[in-house]
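Q: Please examine closely the part of this model where protein meets nucleic acid, and then relate that part to the contact between the protein chains.

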2 protein chains.
Amino acid sequence: MSELDRVKERFILHWGEMGSLWGINRTMAQIHALLYISPRPLSANDLMEELQISRGNVSMALRELIAWGIVSRVHIKGERKEFYTTEKDVWKMFRIIARERKRREVDPTIEILRQSMVDLNNLPDNEGQYERERIEQLLNFFETGIKIYESLDEKTPDSVLKLLGKLLQVKGLGG
Amino acid sequence: MSELDRVKERFILHWGEMGSLWGINRTMAQIHALLYISPRPLSANDLMEELQISRGNVSMALRELIAWGIVSRVHIKGERKEFYTTEKDVWKMFRIIARERKRREVDPTIEILRQSMVDLNNLPDNEGQYERERIEQLLNFFETGIKIYESLDEKTPDSVLKLLGKLLQVKGLGG
DNA sequence: TCAAAGATTCAGAAATTACTGAAATAATTG
DNA sequence: CAATTATTTCAGTAATTTCTGAATCTTTGA
């Protein structure tokens, strides 16, 4: 095993551990790391061998990654099997993950908070005053977050960086 | 059980499920939710009863939440037992969580990426060109993220909102 | 200084999540 | 259209995470 392989392996293992940061499991994160660091698409067999995991596991993890939208199938002409590759632009990758996590986690939370507000407002007398205040604050926070997310999502990473750079007086952020 | 209690319960259960969003487990998230929605501090016994969980579980979850910095012990005079409460300011809460996750997840990742760059640069000849590019992009992304985080962290939530509101032309963001 | 109340710890149990591998299914080709 | 190769599925198992509850430790106040 070459030194280069060792560096790659270290990266892949660590990325796997940090999968929780992205809300995905270890295998998914490792596959993602391996595809990300590979100059060309890899087959399911390649992934099995490199990561020492079962065929089934590879198949399931790929399905999930494709559902997230950060891995895609590639047909290579002359080849019978499928190959897989991943988004190499980190900003695009980040945007995809942000969008998915919003959809899966933030949106349902906001839904519950809104419903709670409705329910609290239907209580008789002045019941639930304190609770209403608390939920409202949370809801406000999340809704503001979504507004910021949506505005940022319309812009290109470059323009966002430029603006932030000026705004925060941080050198090297762009602009 | 009153309607108010039902609303509270729904909120607590959902918050528990979404714990992953914050990187904490279900019990921790439920305890946090219960303390957040309670007008006054609660004892370990209160938590056990309300959430139907064991004494040990409460104790461990509280220890973690206190380590995170989002729950604190409260001494109530005349009372022998300890009471617990949580930060009620959502923005402060969010900042605490962001700081902790950065420390636990982002910082170690950056460390690995930096080390990988060093290792790659020590390779003989032109080995690892492609890998270097990939790792560099990731590192860049994370370092930019940290810069943004640090600049935002110096400011008050209000001023951040004001500035973002102007920049993004979003109404109702502040300013 | 000791009994009572409260809090913590942690070994084992329960619950959840992830993984394997073989069988089923699908796709490709001569 | 069979034979071959590739992929998916999923029941069973393994690994990991979370939780319980009894034992232990700590604090209080009489």
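A: Helices are taken here as DSSP runs of H or I with at least four residues, numbered from the N terminus. With that convention, helix 3 (26-37) and helix 5 (55-68) of chain A and helix 5 (55-68) of chain B each supply at least two residues of the surface near DNA strand C. The model under discussion is predicted.

The surface near DNA strand C may be taken up in detail. Helix 5 of chain B gives the most to this surface, with 5 residues. In total, 18 residues surround DNA strand C, and the closest are Thr27(A), Ser54(A), Arg80(A), Arg80(B) and Glu82(B). Sugar and phosphate make up 58% of the atoms of DNA strand C that come within 4 Å of the protein. By class, the surface near DNA strand C consists of 3 nonpolar, 7 polar and 8 charged residues.

Individual atom pairs illustrate this arrangement. A backbone N or O atom of Ser54(A) is placed 2.8 Å from a phosphate oxygen of DNA strand C. For Asn57(A), a polar side-chain atom lies 3.2 Å from a phosphate oxygen of DNA strand C. A base is also approached: an N or O atom in the side chain of Arg80(B) is 3.3 Å from a base nitrogen of DNA strand C.

DNA strand D may be treated in the same order. Around DNA strand D there are 18 residues, of which Arg80(A), Glu82(A), Thr27(B), Ser54(B) and Arg80(B) come nearest. Helix 5 of chain A, together with helix 3 and helix 5 of chain B, each supply at least two residues of the surface near DNA strand D. The largest share of that surface, 5 residues, comes from helix 5 of chain A. Of the atoms of DNA strand D within 4 Å of the protein, 62% belong to sugar or phosphate, and bases provide the rest. The surface near DNA strand D comprises 3 nonpolar, 7 polar and 8 charged residues.

Three atom pairs involve phosphate oxygens of DNA strand D. A backbone N or O atom of Glu82(A) lies 2.7 Å from one phosphate oxygen. A polar side-chain atom of Arg63(A) is 3.3 Å from a phosphate oxygen of this strand, and a polar side-chain atom of Asn57(B) is 3.2 Å from a phosphate oxygen of this strand.

The contact between the protein chains completes the account. Here 61 residues of chain B are in contact with 60 residues of chain A. The two chains bury about 5400 Å² between them, with 76% of it on carbon and sulfur atoms. Leu4(B), Phe141(B) and Leu167(B) supply 11% of the area that chain B buries against chain A, more than any other three residues.

Polar and charged groups also take part. The rule finds 4 salt bridges across the interface of chain B and chain A. Glu131(B) forms a salt bridge with Lys8(A), in which the closest N and O atoms are 3.3 Å apart. Across this interface there are 12 residue pairs in polar contact. Helix 6 of chain B gives the most to the side of chain B that touches chain A, with 16 residues. By class, that side has 34 nonpolar, 12 polar and 15 charged residues.

Helix 6 of chain B also contains Asp107(B). Asp107(B) is classed as partly exposed because its relative accessible area is 28%, between the limits of 20% and 50%. Leaving aside residues up to four places away in sequence, Asp107(B) touches Lys102(B) and Ile146(B).

Definitions and conventions
Residues are numbered from 1 along each chain as its sequence is written. Chains are lettered from A and ligands numbered from 1 in the order in which they are written. This is a predicted model: local features need pLDDT of at least 70, side-chain atom pairs count only at pLDDT 80 or more; totals for chains, interfaces and linings use all residues. Side-chain values use heavy atoms; hydrogens and water are left out. Contact means heavy atoms within 4.5 Å. Buried area is the accessible area (1.4 Å probe) that two parts lose on being put together, summed over both. A salt bridge is a side-chain nitrogen of Lys or Arg within 4 Å of a carboxyl oxygen of Asp or Glu. A polar contact is a pair of N or O atoms within 3.5 Å; within protein, one must be able to donate a hydrogen and the other to accept it, and residues adjacent in sequence count only if both atoms are side-chain atoms. Ala, Val, Leu, Ile, Met, Phe, Trp, Tyr, Cys and Pro count as nonpolar, Asp, Glu, Lys and Arg as charged, and the others, Gly among them, as polar. Buried means under 20% relative accessible area, exposed over 50%, partly exposed in between (1.4 Å probe, protein chains only). A residue is near a molecule or strand if one of its heavy atoms lies within 4 Å of it.
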